[in-house]
Amino acid sequence: SGARVRRAHGKRLPQYLERGVDVKFTDVAGLGKIRLELEEIVKFFTHGEMYRRRGVKIPGGILLCGPPGVGKTLLAKAVAGEAGVNFFSISASQFVEIYVGVGASRVRSLYQEAKENAPSVVFIDELDAVGRERGLIKGSGGQERDATLNQLLVSLDGFEGRGNVITIASTNRPDILDPALVRPGRFDRKIYIPKPGLIGRMEILQVHARKKPMAEDVDYLAVAGMTDGMVGAELANIIEVAAINMMRDGRTEITTDDLLQAAQIEERGMLDRKERSPETWRQVAINEAATAVVAVNFPDLKNIEFVTIAPRAGRELGYVRMKMNHLKFKEGLLSRQSLLDHITVQLAPRAADELWYGEGQLSTIWAETADNARSAARTFVLGGLSEKHHGLSNFWVPDRINEIDSEALRIVNWSYERAKEILQRNQNLMNAVVNELVEKKSLTKQEFFHLVELHGNLQPMPPSI
Ligand code: ADP
(Lines give C-alpha, C1' and ligand atoms only; values in the text may rest on other atoms or scores of the structure.)
Protein backbone atom coordinates (compact mmCIF):
# COMPACT_ATOMS: atom_id res chain seq x y z
CA SER A 1 0.00 0.00 0.00
CA GLY A 2 2.19 2.95 1.17
CA ALA A 3 5.33 4.16 -0.52
CA ARG A 4 7.46 3.00 2.38
CA VAL A 5 6.14 -0.51 2.11
CA ARG A 6 6.43 -0.64 -1.64
CA ARG A 7 10.10 0.22 -1.48
CA ALA A 8 10.78 -3.09 0.19
CA HIS A 9 10.34 -4.68 -3.20
CA GLY A 10 13.46 -4.60 -5.29
CA LYS A 11 17.18 -4.67 -4.73
CA ARG A 12 18.83 -4.69 -1.37
CA LEU A 13 19.48 -1.12 -0.30
CA PRO A 14 21.55 -0.09 2.69
CA GLN A 15 19.06 0.56 5.45
CA TYR A 16 21.09 2.88 7.58
CA LEU A 17 22.56 5.04 4.84
CA GLU A 18 21.35 8.63 4.80
CA ARG A 19 21.32 9.83 1.25
CA GLY A 20 22.01 13.35 0.12
CA VAL A 21 23.75 14.49 3.30
CA ASP A 22 25.18 17.79 2.19
CA VAL A 23 26.20 19.57 5.36
CA LYS A 24 29.39 21.59 5.54
CA PHE A 25 31.21 23.18 8.45
CA THR A 26 29.87 26.56 7.36
CA ASP A 27 26.37 25.28 8.23
CA VAL A 28 27.42 24.81 11.84
CA ALA A 29 27.92 28.04 13.73
CA GLY A 30 29.28 29.13 17.05
CA LEU A 31 31.85 26.36 17.38
CA GLY A 32 34.95 28.38 18.12
CA LYS A 33 38.01 26.22 18.28
CA ILE A 34 36.10 22.94 18.41
CA ARG A 35 36.10 23.28 14.66
CA LEU A 36 39.83 22.53 14.53
CA GLU A 37 39.31 19.18 16.21
CA LEU A 38 36.61 18.29 13.72
CA GLU A 39 38.74 19.34 10.81
CA GLU A 40 41.30 16.84 12.01
CA ILE A 41 38.72 14.05 11.85
CA VAL A 42 38.07 14.97 8.24
CA LYS A 43 41.81 14.60 7.62
CA PHE A 44 41.71 11.04 8.94
CA PHE A 45 39.68 10.31 5.84
CA THR A 46 41.38 12.57 3.34
CA HIS A 47 44.96 12.05 4.55
CA GLY A 48 44.61 8.62 6.16
CA GLU A 49 47.67 7.23 4.42
CA MET A 50 49.84 10.04 5.73
CA TYR A 51 48.72 9.40 9.30
CA ARG A 52 49.40 5.71 9.00
CA ARG A 53 52.82 6.20 7.47
CA ARG A 54 53.85 8.39 10.35
CA GLY A 55 52.49 5.89 12.84
CA VAL A 56 49.78 8.22 14.13
CA LYS A 57 46.88 6.27 15.51
CA ILE A 58 43.50 7.06 14.06
CA PRO A 59 40.79 6.80 16.69
CA GLY A 60 38.06 4.26 16.15
CA GLY A 61 35.42 6.39 17.72
CA ILE A 62 34.76 9.99 18.61
CA LEU A 63 32.33 10.99 21.29
CA LEU A 64 30.45 14.24 20.88
CA CYS A 65 29.21 15.26 24.32
CA GLY A 66 26.66 17.92 25.08
CA PRO A 67 23.01 18.70 25.73
CA PRO A 68 20.30 18.01 23.12
CA GLY A 69 20.01 20.42 20.24
CA VAL A 70 23.52 21.89 20.29
CA GLY A 71 24.30 20.46 16.86
CA LYS A 72 26.04 17.13 17.52
CA THR A 73 24.16 15.37 14.73
CA LEU A 74 24.70 18.31 12.43
CA LEU A 75 28.43 18.19 13.14
CA ALA A 76 28.69 14.47 12.44
CA LYS A 77 26.99 15.10 9.10
CA ALA A 78 29.33 17.99 8.41
CA VAL A 79 32.33 15.71 8.98
CA ALA A 80 30.92 13.28 6.40
CA GLY A 81 30.01 16.15 4.09
CA GLU A 82 33.46 17.77 4.25
CA ALA A 83 35.26 14.46 3.80
CA GLY A 84 32.88 13.45 1.01
CA VAL A 85 32.12 10.07 2.56
CA ASN A 86 28.91 8.15 3.24
CA PHE A 87 26.89 8.81 6.37
CA PHE A 88 25.26 5.95 8.25
CA SER A 89 23.18 6.66 11.31
CA ILE A 90 21.12 4.99 13.95
CA SER A 91 19.65 6.13 17.21
CA ALA A 92 20.70 3.93 20.11
CA SER A 93 17.32 4.52 21.73
CA GLN A 94 15.87 2.44 18.90
CA PHE A 95 17.64 -0.56 20.35
CA VAL A 96 15.88 -0.31 23.65
CA GLU A 97 12.81 1.82 23.50
CA ILE A 98 10.37 0.37 21.05
CA TYR A 99 11.75 -2.93 21.97
CA VAL A 100 12.97 -5.16 19.21
CA GLY A 101 15.14 -7.87 20.61
CA VAL A 102 17.40 -7.63 17.61
CA GLY A 103 19.68 -4.84 18.81
CA ALA A 104 22.86 -6.81 18.29
CA SER A 105 21.96 -7.84 14.78
CA ARG A 106 21.11 -4.26 13.93
CA VAL A 107 24.54 -3.13 15.05
CA ARG A 108 26.04 -5.90 12.93
CA SER A 109 24.20 -4.89 9.78
CA LEU A 110 24.87 -1.22 10.41
CA TYR A 111 28.63 -1.87 10.38
CA GLN A 112 28.35 -4.36 7.58
CA GLU A 113 26.75 -1.70 5.40
CA ALA A 114 29.24 0.95 6.49
CA LYS A 115 32.12 -1.33 5.55
CA GLU A 116 30.65 -2.24 2.18
CA ASN A 117 30.20 1.43 1.44
CA ALA A 118 33.44 2.73 2.96
CA PRO A 119 34.80 5.27 3.48
CA SER A 120 32.00 6.19 5.82
CA VAL A 121 30.97 7.85 9.03
CA VAL A 122 28.79 5.80 11.37
CA PHE A 123 26.77 8.04 13.64
CA ILE A 124 25.18 6.64 16.79
CA ASP A 125 22.78 9.06 18.41
CA GLU A 126 22.15 8.90 22.16
CA LEU A 127 24.85 6.34 22.82
CA ASP A 128 24.09 6.34 26.54
CA ALA A 129 20.79 4.58 25.80
CA VAL A 130 22.74 1.42 25.06
CA GLY A 131 26.20 2.26 26.39
CA ARG A 132 25.26 2.76 30.02
CA GLU A 133 27.59 0.99 32.40
CA ARG A 134 26.73 -2.69 32.69
CA GLY A 135 25.11 -3.60 35.93
CA LEU A 136 23.34 -0.25 36.19
CA ILE A 137 20.27 -1.79 34.66
CA LYS A 138 18.94 -4.51 36.89
CA GLY A 139 16.88 -7.47 35.83
CA SER A 140 16.10 -8.91 32.47
CA GLY A 141 16.16 -5.58 30.62
CA GLY A 142 19.92 -5.64 30.92
CA GLN A 143 20.55 -8.87 29.03
CA GLU A 144 19.47 -7.76 25.63
CA ARG A 145 21.20 -4.45 26.10
CA ASP A 146 24.43 -6.17 27.07
CA ALA A 147 24.28 -8.24 23.90
CA THR A 148 23.86 -5.05 21.89
CA LEU A 149 26.69 -3.31 23.71
CA ASN A 150 29.00 -6.29 23.24
CA GLN A 151 28.29 -6.33 19.53
CA LEU A 152 29.06 -2.63 19.38
CA LEU A 153 32.42 -3.20 21.09
CA VAL A 154 33.26 -5.99 18.66
CA SER A 155 32.32 -3.81 15.69
CA LEU A 156 34.38 -0.88 16.96
CA ASP A 157 37.42 -3.10 17.43
CA GLY A 158 37.06 -4.33 13.87
CA PHE A 159 37.85 -0.88 12.50
CA GLU A 160 40.43 0.31 14.96
CA GLY A 161 43.05 2.49 13.40
CA ARG A 162 42.06 1.84 9.83
CA GLY A 163 40.44 5.16 9.24
CA ASN A 164 38.03 4.08 6.51
CA VAL A 165 35.07 3.72 8.86
CA ILE A 166 34.96 6.18 11.73
CA THR A 167 32.26 6.07 14.37
CA ILE A 168 30.92 9.28 15.86
CA ALA A 169 28.53 8.96 18.76
CA SER A 170 26.60 11.57 20.67
CA THR A 171 25.73 11.57 24.32
CA ASN A 172 24.59 13.91 27.01
CA ARG A 173 25.96 11.62 29.71
CA PRO A 174 29.58 10.64 29.03
CA ASP A 175 29.92 10.09 32.77
CA ILE A 176 27.68 7.01 32.83
CA LEU A 177 29.09 5.19 29.82
CA ASP A 178 30.46 1.71 30.24
CA PRO A 179 34.23 1.95 30.78
CA ALA A 180 34.78 -0.64 28.05
CA LEU A 181 33.39 1.84 25.51
CA VAL A 182 35.91 4.58 26.28
CA ARG A 183 38.97 2.35 26.32
CA PRO A 184 41.82 3.21 23.89
CA GLY A 185 40.94 2.26 20.34
CA ARG A 186 37.24 2.68 20.98
CA PHE A 187 35.63 6.00 21.91
CA ASP A 188 38.95 7.38 23.05
CA ARG A 189 38.38 10.92 21.93
CA LYS A 190 35.82 13.16 23.56
CA ILE A 191 34.72 16.52 22.22
CA TYR A 192 32.50 18.69 24.37
CA ILE A 193 29.93 20.90 22.67
CA PRO A 194 28.56 23.42 25.15
CA LYS A 195 25.45 25.53 24.81
CA PRO A 196 26.28 28.59 22.71
CA GLY A 197 27.13 31.91 24.34
CA LEU A 198 25.90 35.30 23.19
CA ILE A 199 28.09 35.50 20.09
CA GLY A 200 27.53 31.85 19.29
CA ARG A 201 23.78 32.39 19.36
CA MET A 202 24.10 35.37 17.08
CA GLU A 203 26.13 33.35 14.59
CA ILE A 204 23.68 30.46 14.65
CA LEU A 205 20.79 32.83 13.96
CA GLN A 206 22.76 34.28 11.07
CA VAL A 207 23.48 30.87 9.56
CA HIS A 208 19.81 30.01 9.55
CA ALA A 209 18.91 33.45 8.23
CA ARG A 210 21.00 32.85 5.12
CA LYS A 211 18.20 31.10 3.29
CA LYS A 212 15.43 33.48 4.41
CA PRO A 213 14.33 36.90 3.20
CA MET A 214 15.70 38.95 6.06
CA ALA A 215 15.30 42.72 6.37
CA GLU A 216 18.59 44.63 5.91
CA ASP A 217 18.67 46.04 9.41
CA VAL A 218 17.92 42.93 11.49
CA ASP A 219 19.57 43.21 14.90
CA TYR A 220 20.83 39.66 15.47
CA LEU A 221 22.71 40.64 18.58
CA ALA A 222 19.51 41.89 20.21
CA VAL A 223 17.80 38.57 19.48
CA ALA A 224 20.83 36.67 20.78
CA GLY A 225 20.58 38.73 23.96
CA MET A 226 16.96 37.65 24.39
CA THR A 227 17.65 33.93 24.01
CA ASP A 228 19.97 33.12 26.86
CA GLY A 229 20.11 29.37 27.50
CA MET A 230 18.78 28.38 24.10
CA VAL A 231 20.54 25.89 21.83
CA GLY A 232 20.90 25.73 18.05
CA ALA A 233 17.74 23.70 17.54
CA GLU A 234 15.68 26.35 19.32
CA LEU A 235 17.38 29.21 17.52
CA ALA A 236 16.73 27.55 14.17
CA ASN A 237 13.12 27.25 15.17
CA ILE A 238 12.92 30.97 15.96
CA ILE A 239 13.83 31.77 12.36
CA GLU A 240 11.14 29.37 11.10
CA VAL A 241 8.45 30.81 13.36
CA ALA A 242 9.44 34.36 12.40
CA ALA A 243 9.11 33.42 8.72
CA ILE A 244 5.62 32.09 9.31
CA ASN A 245 4.73 35.29 11.12
CA MET A 246 5.90 37.34 8.16
CA MET A 247 3.91 35.23 5.70
CA ARG A 248 0.78 35.48 7.78
CA ASP A 249 0.98 39.27 7.70
CA GLY A 250 1.53 39.22 3.95
CA ARG A 251 4.94 40.87 4.25
CA THR A 252 8.03 40.00 2.26
CA GLU A 253 10.84 40.49 4.79
CA ILE A 254 11.55 39.12 8.25
CA THR A 255 12.16 41.91 10.76
CA THR A 256 13.83 42.10 14.18
CA ASP A 257 10.35 42.30 15.67
CA ASP A 258 9.35 39.01 14.04
CA LEU A 259 12.42 37.41 15.56
CA LEU A 260 11.82 38.86 19.02
CA GLN A 261 8.22 37.68 18.98
CA ALA A 262 9.26 34.23 17.81
CA ALA A 263 11.90 34.17 20.57
CA GLN A 264 9.19 34.82 23.11
CA ILE A 265 7.07 32.01 21.77
CA GLU A 266 10.06 29.66 21.83
CA GLU A 267 10.83 30.73 25.38
CA ARG A 268 7.31 29.96 26.50
CA GLY A 269 7.43 26.66 24.62
CA MET A 270 10.63 25.82 26.45
CA LEU A 271 8.91 26.46 29.73
CA ASP A 272 5.69 24.52 29.36
CA ARG A 273 6.58 22.35 26.37
CA LYS A 274 3.42 23.28 24.57
CA GLU A 275 5.11 24.08 21.31
CA ARG A 276 2.97 21.42 19.65
CA SER A 277 -0.41 22.43 18.31
CA PRO A 278 -3.44 20.54 19.71
CA GLU A 279 -3.69 18.68 16.41
CA THR A 280 -0.06 17.57 16.64
CA TRP A 281 -0.48 16.37 20.21
CA ARG A 282 -3.40 14.32 19.01
CA GLN A 283 -1.54 12.90 16.09
CA VAL A 284 1.37 11.83 18.27
CA ALA A 285 -1.11 10.36 20.75
CA ILE A 286 -2.71 8.26 18.00
CA ASN A 287 0.74 7.07 16.95
CA GLU A 288 1.77 5.92 20.44
CA ALA A 289 -1.69 4.65 21.43
CA ALA A 290 -1.76 2.43 18.36
CA THR A 291 1.56 0.84 19.32
CA ALA A 292 0.34 0.10 22.83
CA VAL A 293 -3.14 -1.07 21.82
CA VAL A 294 -1.84 -3.51 19.22
CA ALA A 295 1.01 -4.73 21.44
CA VAL A 296 -1.29 -5.54 24.33
CA ASN A 297 -2.88 -8.22 22.15
CA PHE A 298 0.31 -10.27 21.95
CA PRO A 299 1.66 -12.57 24.65
CA ASP A 300 5.28 -11.45 24.43
CA LEU A 301 4.59 -7.79 23.93
CA LYS A 302 1.71 -7.09 26.24
CA ASN A 303 3.73 -5.97 29.25
CA ILE A 304 3.33 -2.26 28.63
CA GLU A 305 5.10 -0.28 31.32
CA PHE A 306 4.62 3.28 30.24
CA VAL A 307 3.09 5.23 27.36
CA THR A 308 4.03 8.84 26.76
CA ILE A 309 3.74 11.60 24.21
CA ALA A 310 5.97 14.03 26.09
CA PRO A 311 8.73 15.16 23.75
CA ARG A 312 12.32 14.48 24.67
CA ALA A 313 15.05 16.64 23.24
CA GLY A 314 12.29 18.43 21.38
CA ARG A 315 12.24 16.02 18.49
CA GLU A 316 11.06 12.62 19.56
CA LEU A 317 7.43 11.81 19.20
CA GLY A 318 6.89 9.82 22.33
CA TYR A 319 7.32 6.18 23.13
CA VAL A 320 5.83 3.03 24.50
CA ARG A 321 8.01 1.13 26.90
CA MET A 322 7.45 -2.62 26.96
CA LYS A 323 8.97 -5.22 29.16
CA MET A 324 9.78 -8.34 27.24
CA ASN A 325 10.10 -11.96 28.08
CA HIS A 326 13.83 -12.12 27.72
CA LEU A 327 14.17 -15.83 28.06
CA LYS A 328 12.68 -16.02 24.60
CA PHE A 329 14.87 -13.32 23.19
CA LYS A 330 18.41 -14.56 23.02
CA GLU A 331 20.71 -12.45 20.97
CA GLY A 332 18.91 -11.80 17.71
CA LEU A 333 16.94 -14.99 18.05
CA LEU A 334 13.25 -14.35 18.28
CA SER A 335 10.57 -16.95 18.18
CA ARG A 336 8.72 -17.04 14.91
CA GLN A 337 5.44 -15.89 16.37
CA SER A 338 6.97 -13.10 18.46
CA LEU A 339 8.73 -11.73 15.45
CA LEU A 340 5.49 -11.68 13.45
CA ASP A 341 3.76 -9.97 16.36
CA HIS A 342 6.56 -7.49 16.62
CA ILE A 343 6.26 -6.62 12.92
CA THR A 344 2.54 -6.09 13.40
CA VAL A 345 3.17 -3.73 16.32
CA GLN A 346 5.67 -1.72 14.30
CA LEU A 347 3.05 -1.22 11.59
CA ALA A 348 0.39 -0.10 14.04
CA PRO A 349 1.20 3.65 13.80
CA ARG A 350 0.97 3.49 10.02
CA ALA A 351 -2.32 1.59 10.19
CA ALA A 352 -3.73 4.03 12.75
CA ASP A 353 -2.78 6.95 10.57
CA GLU A 354 -4.72 5.46 7.70
CA LEU A 355 -7.75 4.62 9.85
CA TRP A 356 -7.91 7.95 11.66
CA TYR A 357 -6.77 10.33 8.96
CA GLY A 358 -7.45 8.45 5.75
CA GLU A 359 -5.21 7.41 2.86
CA GLY A 360 -5.13 10.85 1.30
CA GLN A 361 -3.71 12.46 4.41
CA LEU A 362 -1.00 10.08 5.45
CA SER A 363 1.78 11.79 7.31
CA THR A 364 5.33 10.56 7.85
CA ILE A 365 4.97 10.22 11.58
CA TRP A 366 5.23 6.44 11.34
CA ALA A 367 8.17 6.32 8.95
CA GLU A 368 10.63 5.03 11.52
CA THR A 369 8.48 2.23 12.87
CA ALA A 370 7.50 1.19 9.35
CA ASP A 371 11.23 0.90 8.64
CA ASN A 372 11.62 -1.29 11.68
CA ALA A 373 8.88 -3.54 10.35
CA ARG A 374 10.53 -3.79 6.98
CA SER A 375 13.87 -4.83 8.41
CA ALA A 376 12.27 -7.26 10.85
CA ALA A 377 10.41 -8.88 7.95
CA ARG A 378 13.70 -9.44 6.16
CA THR A 379 15.17 -10.92 9.32
CA PHE A 380 12.17 -13.20 9.37
CA VAL A 381 12.63 -14.45 5.84
CA LEU A 382 16.41 -14.66 6.07
CA GLY A 383 16.20 -16.55 9.31
CA GLY A 384 14.31 -19.25 7.46
CA LEU A 385 11.20 -18.59 9.51
CA SER A 386 8.93 -18.09 6.57
CA GLU A 387 7.11 -21.26 5.48
CA LYS A 388 8.08 -20.66 1.90
CA HIS A 389 11.77 -20.31 2.60
CA HIS A 390 12.64 -22.92 5.13
CA GLY A 391 15.71 -24.06 3.29
CA LEU A 392 17.13 -20.62 2.78
CA SER A 393 18.45 -19.90 6.20
CA ASN A 394 20.79 -17.17 7.24
CA PHE A 395 22.76 -16.08 4.23
CA TRP A 396 22.14 -14.17 1.05
CA VAL A 397 21.69 -16.03 -2.16
CA PRO A 398 22.26 -13.26 -4.71
CA ASP A 399 19.82 -14.30 -7.41
CA ARG A 400 17.14 -14.89 -4.82
CA ILE A 401 17.22 -11.42 -3.32
CA ASN A 402 14.08 -10.41 -5.19
CA GLU A 403 12.37 -13.49 -3.95
CA ILE A 404 13.38 -12.69 -0.39
CA ASP A 405 12.17 -9.15 -0.76
CA SER A 406 8.83 -10.10 -2.16
CA GLU A 407 8.34 -12.62 0.62
CA ALA A 408 9.25 -9.91 3.15
CA LEU A 409 6.74 -7.62 1.46
CA ARG A 410 4.07 -10.28 1.70
CA ILE A 411 4.73 -10.53 5.44
CA VAL A 412 4.64 -6.76 5.86
CA ASN A 413 1.32 -6.54 4.01
CA TRP A 414 -0.18 -9.36 6.02
CA SER A 415 0.98 -7.77 9.28
CA TYR A 416 -0.35 -4.41 8.22
CA GLU A 417 -3.83 -5.83 7.64
CA ARG A 418 -3.58 -7.58 10.96
CA ALA A 419 -2.68 -4.32 12.74
CA LYS A 420 -5.65 -2.62 11.10
CA GLU A 421 -7.97 -5.40 12.16
CA ILE A 422 -6.88 -5.12 15.80
CA LEU A 423 -7.23 -1.35 15.78
CA GLN A 424 -10.69 -1.50 14.26
CA ARG A 425 -11.78 -4.03 16.82
CA ASN A 426 -10.38 -1.77 19.57
CA GLN A 427 -11.63 1.62 18.47
CA ASN A 428 -13.11 2.35 21.87
CA LEU A 429 -9.86 1.56 23.59
CA MET A 430 -7.94 3.66 21.07
CA ASN A 431 -10.19 6.65 21.64
CA ALA A 432 -9.89 6.33 25.40
CA VAL A 433 -6.09 6.03 25.32
CA VAL A 434 -5.74 8.89 22.84
CA ASN A 435 -7.92 11.19 24.92
CA GLU A 436 -6.11 10.44 28.14
CA LEU A 437 -2.72 10.84 26.49
CA VAL A 438 -3.68 14.22 25.05
CA GLU A 439 -4.89 15.30 28.46
CA LYS A 440 -2.17 13.84 30.70
CA LYS A 441 0.71 13.37 28.21
CA SER A 442 1.72 10.08 29.89
CA LEU A 443 0.00 6.95 31.13
CA THR A 444 1.42 4.66 33.78
CA LYS A 445 1.11 0.91 33.49
CA GLN A 446 -1.85 0.94 35.88
CA GLU A 447 -3.64 3.72 34.03
CA PHE A 448 -3.16 2.01 30.70
CA PHE A 449 -4.39 -1.38 31.89
CA HIS A 450 -7.36 0.21 33.58
CA LEU A 451 -8.43 1.49 30.15
CA VAL A 452 -7.75 -1.92 28.61
CA GLU A 453 -10.08 -3.49 31.15
CA LEU A 454 -12.82 -0.96 30.50
CA HIS A 455 -12.64 -0.72 26.71
CA GLY A 456 -10.37 -3.44 25.34
CA ASN A 457 -11.54 -6.13 22.97
CA LEU A 458 -8.62 -8.55 23.06
CA GLN A 459 -8.95 -11.76 21.13
CA PRO A 460 -6.41 -14.43 20.33
CA MET A 461 -5.08 -13.72 16.86
CA PRO A 462 -4.80 -16.31 14.12
CA PRO A 463 -1.36 -17.62 14.94
CA SER A 464 0.41 -17.43 11.66
CA ILE A 465 0.72 -16.25 8.10
P1 ADP B 1 21.92 17.35 18.68
O2 ADP B 1 22.36 16.25 17.80
O3 ADP B 1 23.02 17.96 19.46
O4 ADP B 1 20.74 17.01 19.53
P5 ADP B 1 21.12 18.52 16.17
O6 ADP B 1 22.38 18.46 15.41
O7 ADP B 1 20.13 17.46 15.89
O8 ADP B 1 21.41 18.54 17.74
O9 ADP B 1 20.46 19.95 15.96
C10 ADP B 1 19.16 20.11 15.47
C11 ADP B 1 19.09 21.29 14.50
O12 ADP B 1 19.37 22.50 15.19
C13 ADP B 1 20.12 21.23 13.41
O14 ADP B 1 19.67 20.45 12.33
C15 ADP B 1 20.28 22.68 13.05
O16 ADP B 1 19.24 23.12 12.20
C17 ADP B 1 20.13 23.38 14.38
N18 ADP B 1 21.44 23.61 15.04
C19 ADP B 1 21.86 23.06 16.19
N20 ADP B 1 23.10 23.49 16.51
C21 ADP B 1 23.47 24.31 15.52
C22 ADP B 1 24.66 25.07 15.25
N23 ADP B 1 25.70 25.06 16.10
N24 ADP B 1 24.70 25.81 14.12
C25 ADP B 1 23.66 25.83 13.28
N26 ADP B 1 22.53 25.14 13.46
C27 ADP B 1 22.41 24.39 14.57
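## Close-up views of a predicted model

**View 1. Helix H4 against the sheet.** Helix H4 lies across strand S2 (61-65), S3, strand S4 (120-125) and strand S5 (165-171), and its direction makes an angle of about 175 degrees with that of S4. The structure shown here and in the other views is a predicted model, and H4 itself covers residues 72-83.

**View 2. The open sheet and its edges.** The sheet is open and is built from 6 strands, which follow one another in the order S1-S3-S4-S5-S2-S6 with mixed pairing. At its edges stand strand S1 (17-18) and strand S6 (187-192), each of which has a single partner strand, so one side of each is left without a neighbour in the sheet. As a general point, the strands of a sheet pair through backbone hydrogen bonds, in either a parallel or an antiparallel manner.

**View 3. Strand S3 between two partners.** Both senses of pairing can be followed from strand S3 (residues 86-91), which pairs with S1 in the antiparallel sense over 2 bridges and with S4 in the parallel sense over 6 bridges. Which residue of S3 is the bridge partner of Glu-18? That partner is Phe-87, and Phe-87 also stands opposite Val-121 in S4.

**View 4. Helices H2 and H4.** In general, two packed helices are described by the angle between their axes and by the distance between those axes. For helix H2 (residues 34-46) and H4, the axes come within 9 Å and cross at roughly 40 degrees, which makes H2 oblique to H4. The crossing of these helices, H2 and H4, is right-handed. On the H2 side the meeting residues are Leu-38, Ile-41, Val-42, Phe-45 and Thr-46, while H4 brings Leu-75, Val-79, Glu-82 and Ala-83. Sorted by class, this contact of H2 with H4 consists of 7 nonpolar, 1 polar and 1 charged residues.

**View 5. Helices H9 and H11.** How do the axes of helix H9 (residues 198-209) and helix H11 (residues 232-248) cross, and within what distance do they come? They come within 9 Å and cross at roughly 45 degrees, and H9 and H11 are therefore oblique to each other. The crossing of H9 and H11 is right-handed. Here Arg-201, Ile-204, Leu-205, His-208 and Ala-209 of H9 meet Gly-232, Leu-235, Ala-236 and Ile-239 of H11. By class, the contact of H9 with H11 contains 6 nonpolar, 2 polar and 1 charged residues.

**View 6. The shell around the ligand.** Of the 17 residues around the ligand, those that come nearest are Gly-71, Lys-72, Thr-73, Leu-74 and Gly-232. Two or more residues of this shell are given by each of the elements H4, H9 and H11. The residues of the shell around the ligand divide into 10 nonpolar, 6 polar and 1 charged. Gly-232 of H11, one of the residues that come nearest to the ligand, also takes part in the contact between H9 and H11.

**View 7. Two backbone features in the loops beside S4.** The peptide bond that leads from Ala-118 to Pro-119 is cis, with omega near 0 degrees, and Pro-119 lies in the loop between helix H6 (103-116) and S4. Another loop, between S4 and helix H7 (128-131), holds Glu-126. Phi of Glu-126 is near 55 degrees, which is a positive value in a residue other than glycine.

Methods
Residues numbered from 1 in each chain as written. Predicted model: local features only at pLDDT ≥ 70, side-chain atom pairs only at ≥ 80, totals over all residues. Axes fitted to C-alpha atoms, helices over the stretch in contact; angles between N-to-C directions. Helix = DSSP H or I, 4+ residues; strand = E, 2+ residues; numbered from the N terminus. Parallel < 35°, antiparallel > 145°, perpendicular 65-115°, else oblique. Left-handed = near helix turned anticlockwise from the far one by under 90°. Contact = placed C-beta atoms within 7 Å. Nonpolar A, V, L, I, M, F, W, Y, C, P; charged D, E, K, R; others polar. Near = placed C-beta within 6 Å. Pairing = 2+ DSSP bridges.
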